[in-house]
Structures are given as structure tokens and as C-alpha cells.
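Biologist: Could you take me through one part of this model up close? I'd like a single connected account rather than a list.

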Amino acid sequence: MVAVKEAVRLGCAGAVCGLVLFGCTSGGGEPSASTPARKAGGTTVAGPSPTEVVDIDPARLPGTKARAAALIREVIADPSAFGPGTVRRVPYESDPRRRPVLGDDCVWHQQALPKDVLATLTRSYEIPASGTKGPLRLSAVVTVHRTPEQADWENAEVLEEMMRCPTQRLRSDEVVTSLNDVPNSFGDSGNEYADDALNELGSYTSAEVGGPHPYLWEQTRIGQFTLAVSAKGAKGWSRADLFDRLRDPHVGMRARLRAEIERNTPEPSGSTQGDGR
């Protein structure tokens, strides 16, 4: 993992002020109701271990596109995970055959899935405007790569993208600005739950809600899987509100992923129920 991050760091040397250039994971916008994934990574310098946080049973890992798509549906959040009042947006689910990629023009475009991705799915949600608060747009995305190395490359590219495009256009009437990433590898800053963790913060403006308003993207990588949630703010929503709304669905997706891929450890032989009295 360190070698992968070092390759990105060397390619971007001198372009970052005040950022720690390791433990990077993916962030970004979400054009066409899809949360952006990253461009395929190319040849890896060195890869991460399968995972440091889950005792994975290799037999439970999806080896086909169909199995990966089925696993995603077991893991990805439903609207209720984001709290009371959350509803589905239309369209609710992204086209599973395509994923967003940030172009050289700093605009998100839809492209066919690269060969390193077995499956991906984005769901879009909304807390409608009420009282003094505008509509809060939310999303969740789960992506299954063929290998942990490929998932790591997807995540590492966020540094290059953020430095290349601190302002990114999501759609013709939506833009995020002043993007800044706070990445942590496993064991750093309390990260005991993922191989990599990221908070990406910025400002969001759209024709509908005006702005700028807080923008937040959270993503984690566990082995060959990436899990992300995002929130695009509106009037009356603070950045702390966005963190609160994203916490439970993100934790829930990680827990369900663990349940799907973790090795089932048998009870020690000779164990008994009760206290023996």
C-alpha cells in the first residue's frame, strides 16, 4: 500500500500544501445521479494486503459480475438508514453498466465500466425541503474491484483529481469548489475499521439551492471493496448535520460487508452453555 501511495505522491510532488500524502481514498462529485468512481488505475507498483481489518473467507468473495452485483445489493444502504424523512430520488439507482469519470476538463462524464470493476451501484436519496431547511441530497455507492490493488488505485487517484481540479462540475447546473481531502490509512487517527478512510470536504452550489453550501464525501476501502456516502448541502444544513446524516449508513454498509465476506469462526470445541451450576 505504501508503494502505491508513494507513486501518486511522487507524481504530484510540490502541488500539495498541508496535505498528508498517504492513506488516500476516493471522493468527488456525482454527475447524472451517480456517485463518481475513479479511472482505472493502470499498472500497479506494489499492492496492498487483501485487508487488514477483516478476516476474509476467500470462498465468500465474489468472483463473477453477477455475484458482485448481488453482494452490493445486500450491502448498500436503503433510504431509512439516513434517518427520518429520507426518500428515494429519481432515478434511484445508477446504470450498473456505467460509472462516472472526471475528465481533463474537470467535468464528470459517464463511461462504461473498466475491466477491473466487477460491479458498482449508486443510490440517490433526498430529505425534502421543510420549514427553514432546503432539500438535502444524499447518495451511497458500493464498488467491487477484482483485486485490492485495483481498489487501492481507484482510491489513490483522488489526490491527483483534487489537485488537478479543486473545482469540479457535477452537472451543467451543479458545481463543487474548494475541495480538500482528509485521508487516513488503517491505524491512523482512530481508523480501526478500514484499510483506507477519507473525508472530502468542499462547497456545493446549484441552480436550485444556490450556495455555497457544505459538501461532504466519505469513503472507505476494505480489501477489493469501496464504500462511499455523500451529502450536498442546502439552506439550513450545517457541515455537522451532514456528518450526522452520513455516519449511520456508512457504518451500516461496512458492517453488512463484513457479514458477507468474513470467515465464520467455529466455536471452540468443548464449549458449553450457561455457567455450569
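Modeller: Sure, and one term before we start: a polar contact here is a pair of N or O atoms within 3.5 Å, where, within protein, one must be able to donate a hydrogen and the other to accept it. Keep in mind that this is a predicted model. Let's begin at Asp116, in the loop between strand 3 (108-112) and strand 4 (117-127). Asp116 is buried, yet no salt bridge goes with it. Its nearest side chain of opposite charge belongs to Arg99, 5.3 Å away, and a salt bridge has to fall within 4 Å, so that pair doesn't qualify. What Asp116 does have is a side-chain polar contact of 2.7 Å with His145.

From there, on to the core. The largest nonpolar core holds 51 residues, and Tyr125 and Leu138 are among those with the most contacts inside it, as are Phe82 and Met253. Strand 4 and strand 5 (136-145) each supply at least two of its residues, and so do helix 2 (65-75) and helix 4 (239-261), among others. Strand 5 gives the largest share, 6 residues.

Strands 7 and 8 also each put at least two residues into that core, and their pairing is worth tracing. Strand 7 (residues 174-185) runs antiparallel to strand 6 (residues 168-171), with 3 bridges between them; a hairpin of 2 residues makes the connection, and Gln168 sits opposite Val176. Strand 7 also pairs with strand 8 (residues 196-206), again antiparallel, through 10 bridges. There, Val175 faces Thr205 of strand 8.

Conventions
Residues numbered from 1 in each chain as written. Predicted model: local features only at pLDDT ≥ 70, side-chain atom pairs only at ≥ 80, totals over all residues. Heavy atoms only, no water. Helix = DSSP H or I, 4+ residues; strand = E, 2+ residues; numbered from the N terminus. Buried < 20%, exposed > 50% of the residue type's maximum accessible area, 1.4 Å probe, protein only. Lys, Arg positive; Asp, Glu negative; His and termini not counted. Pairing = 2+ DSSP bridges. Core = buried A, V, L, I, M, F, W, Y, C linked by side-chain atoms within 4.5 Å.
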